[in-house]
Amino acid sequence: MSATPRSTARAAARTTRRRAVASALVLALPVLWVLSACVAMPTSGGVEVGDVEVSDAGPAVVPLADRPAPDADPEAIVVGFLKASQAGFSRDPRRGGDFGAAREYLAGDARASWRPRERVVVYPTSSSPTFTVVNETQVQVTLSVAARIDADGRYAEAAPDAEESFTFDLVQDSSDQWRIAGLENGVVLDESNFENLFGSASLYFLTPDDASLVPETRWFPLRNIATSIVGELLEGPSPWLRDSVRSAIPDGVELTPETVPVDETDGTASVGLTEAAALTDSGERARMLAQIEASLAIPGVRAVAVTAGGVELTASAAELDRGVDTDGVLEVVSEDTVVQLKNGELVPLPEPPDLAGRQVQDLARNERGNVRVALSDAGDLVLVGVGDEPTTTILEGPGLLAPSVDRLGWTWTGRPGPAGPLTAVRADGQRADVSAPWLAGRSVTAVRVARDGARVAVLSTGTDGLALDVAGVVRDASGSPLQLGEPLGTGATLVDASELVWVDDATLGVLGRSGVATSAAYHLVPLSGQTRALPALEDAVAIAGGKGQRSLYVTTSDARLFWLPGVNASWTEVATGVRDPYFPG
């Protein structure tokens with residue numbers, strides 16, 4: 001929308017004063033701006049996604065939202081709107097919470113129709129937005145984009161060169177005051193302030209066999225985050241994951257009341273659900289409670305009380321597998337055998353595998369250790385024998401990808417040719433070619449299955465370059481993999497990659513380059529968050545992960561093994577003469 005100025009002469013006479021007011025307001029803005037279609041002042045710091053859980057507390061400092069200044073020009077109104085919008089996520093209505101102050105900058109129709117929670121655009125703290133006065137009634141803002149978060153909390157990392165432009169149309173009201181009449185829905189934040197106002201949380205669903213909990217990470221405003229978590233949990237998983245998991249929460253169940261209050265004294269989150277006949281099944285009820293309790297495992301919540309139809313559910317939550325394999329032991333190849341790292345020392349396996357004199361590489365195993373596979377020097381996939389069992393070929397090469405073993409005993413691999421299918425094979429030779437139409441025309445370079453067996457990460461290259469995708473695994477009733485669901489793209493800042501692992505149940509590890517880096521580094525790539533490059537290690541050739549971000553390993557071309565005890569630590573050499581490090585998976 002736009003409007004004709006009351007008079008060109010009056011507009012011209014006020015131009016200099018307006019721009020001076022706008023400049024002063026820009027300088028006076030606090031360190032945080034938010035907007036529905038605009039920009040923010042740069043600050044320092046960035047978003048990090050690690051093993052720190054979200055807090056239900058509000059941000060430490062939220063600037064007070066100012067109301068529109070009398071006779072402010074269009075530029076000043078836009079600037080003031082940006083300042084007021086950020087306060088919309090405050091827990092204190094007196095400071096502009098619920099976007100009341102921001103709406104005062106809007107004209108009548110826009111005031112009612114603007115939906116600030118529709119999406120969030122995050123821009124790098126290191127960049128500054130560009131303002132352009134298009135004409136007397138229009139202001140445009142252009143900024144670099146680091147990420148986008150939709151109304152349901154789904155986070156999409158942006159490519160390094162991503163940009164967006166937002167336009168504000170202004171009119172004068174009956175009192176001659178400029179107000180915003182046309183704008184896009186949503187809010188814009190710089191990275192550091194996004195971290196202050198939003199937090200990530202995992203919504204947990206079930207594997208089809210009810211053995212494991214599968215997380216889907218979302219991002220929500222810290223204000224009323226418990227309500228957001230349960231509300232989205234009731235809505236179910238995103239489309240990319242929907243065919244690979246299930247929920248024990250019956251269809252149609254709703255929150256009643258529509259909030260999840262958390263008692264500040266004892267930390268109890270009270271979840272009220274509408275009554276549903278399916279809740280009478282004791283097994284499903286226990287699994288539903290497991291989903292809710294796991295999803296609400298956030299700071300500030302120490303207990304969860306669930307009612308259905310006003311009746312308290314007193315059953316215990318089902319004990320389901322969740323998270324990283326804390327019992328997993330790192331294994332490496334040393335000379336012609338496989339050894340494990342325990343207490344910083346390389347020790348023999350209880351039952352050393354029989355490599356039959358083969359020069360194997362890219363070893364993998366399941367958690368029980370009864371399925372151990374590798375690629376032979378001929379490029380075949382071999383089942384490594386243990387004790388008296390011989391090493392046998394279960395899939396002929398050459399050109400097979402490094403294998404990955406899931407919890408159901410299937411070994412995943414593939415061939416790096418265009419449109420080639422992913423292949424899963426069991427120890428008995430049973431084979432399944434896994435359909436993934438979205439990989440047509442792409443060359444797969446790495447595949448890794450998650451510990452829950454419900455998700456697979458795939459590195460591939462095509463005419464558009466490198467892609468890192470995660471997709472749900474669709475299986476038949478016996479557990480045989482049939483196809484992959486639609487992909488969830490992540491790691492958008494990566495420019496090349498050679499190695500892929502699961503660091504934990506929501507984070508990938510990638511050996512590759514991002515940005516303008518000239519050497520490969522271990523990257524932490526959240527399924528929903530910002531990619532982070534760890535300190536580079538010269539001549540790194542292989543990585544291992546699977547026990548969380550405090551157990552990351554790298555081997556170099558000269559057969560040295562390094563350990564990173566934490567994302568802010570330095571690489572420490574722990575062994576020499578080894579190669580091919582791996583955890584279960």
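Me: How many bridges join β6 to β7?
Reply: Happy to start there, with the reminder that this is a predicted model. β6 and β7 run antiparallel, and they form a hairpin. The number of bridges that join the two strands is four.

Me: Which residue in the turn of that hairpin has a positive phi?
Reply: Between β6 and β7 there are five residues. One residue in this turn has a phi of about 70°, and that residue is Asp176.

Me: Which residue of β7 is the bridge partner of Val171?
Reply: β7 covers residues 178–182, and β6 runs over residues 163–172. Within this antiparallel pairing, Val171 has as its bridge partner Arg179.

Me: Is β7 mostly covered or mostly open, and how many of its residues are buried?
Reply: Good one to check in the viewer. β7 stands at an edge of its sheet with a single partner strand, so one side of β7 has no neighbour in the sheet. Even so, β7 is mostly covered, and the number of its residues that are buried is five of five.

Me: In what order do the four strands of this open sheet stand?
Reply: The edges help here: β2 (130–135) and β7 each have a single partner strand, so these two must be the ends of the row. β6 is joined to β7 by bridges, and β6 also pairs with β3. With antiparallel pairing, the order is β2-β3-β6-β7.

Me: By what angle are neighbouring strands of this sheet turned against each other on average?
Reply: The sheet is an open one of four strands. With direction ignored, the average turn between neighbouring strands is 35°.

Me: How many bridges pair β3 with β6, and which residue is the partner of Gln140?
Reply: β3 takes in residues 138–144, and its pairing with β6 is antiparallel. The pairing runs over seven bridges. In β6, the partner of Gln140 is Thr167.

Me: Is helix α2 enclosed or open, and how many of its residues are buried?
Reply: α2 spans residues 74–86, and it reaches 19 Å from first C-alpha to last, close to the expected 18 Å. The rest of the structure largely encloses this helix, because the number of its residues that are buried is 13 of 13.

Me: Are the rings of Phe194 and Phe198 stacked or edge-to-face?
Reply: This is one of twelve aromatic pairs in the structure. The ring centres are 4.9 Å apart and the planes meet at 20°. Planes under 30 degrees apart count as stacked. Phe194 and Phe198 are therefore stacked.

Me: Are Phe194 and Phe198 buried or exposed?
Reply: Both belong to one aromatic cluster, whose members include Phe81, Trp114 and Trp219. As for their accessibility, both Phe194 and Phe198 are buried.

Me: How far apart in sequence are the parts that Tyr553 and Phe583 tie together?
Reply: These two rings form a tilted pair, 6.0 Å centre to centre with 55° between the planes. Tyr553 is buried at 10% relative accessibility, and Phe583 is buried at 7%. Tyr553 sits in strand β37 (552–556) and Phe583 in the segment after β40 (578–582), so the parts tied together are apart by 30 residues.

Me: Which residue lies over the face of Trp410?
Reply: The distance from the ring centre is 5.5 Å. The residue over that face is Arg426.

Me: How far apart in sequence are the parts tied together by Arg67 and Glu104?
Reply: Arg67 and Glu104 form a salt bridge, with their closest N and O atoms 3.0 Å apart. Arg67 is partly exposed at 43%, and Glu104 is partly exposed at 27%. Arg67 lies in the loop between α1 and α2, and Glu104 in the loop between α3 and α4, so the separation in sequence is 37 residues.

Me: In the salt bridge of Arg579 with Asp580, which residue is buried?
Reply: The closest N and O atoms of this pair are 2.6 Å apart. Arg579 is partly exposed, at 29% relative accessible area. Buried means under 20%, and with 16% the buried residue is Asp580.

Me: How many salt bridges does the structure hold?
Reply: Another example is Arg154 with Asp150, at 3.2 Å from N to O. There is also a network that links Arg119, Arg148, Glu164 and Glu184. The count of salt bridges comes to 28.

Note on methods:
Residues numbered from 1 in each chain as written. Predicted model: local features only at pLDDT ≥ 70, side-chain atom pairs only at ≥ 80, totals over all residues. Heavy atoms only, no water. Phe/Tyr/Trp six-rings, centres within 6.5 Å; stacked < 30°, edge-to-face > 60°. Buried < 20%, exposed > 50% of the residue type's maximum accessible area, 1.4 Å probe, protein only. Lys NZ or Arg CZ within 6 Å of the ring centre and 35° of its normal. Expected span 1.5 Å × (residues − 1). Pairing = 2+ DSSP bridges. Axes fitted to C-alpha atoms, helices over the stretch in contact; angles between N-to-C directions. Salt bridge = Lys/Arg side-chain N within 4 Å of Asp/Glu carboxyl O.
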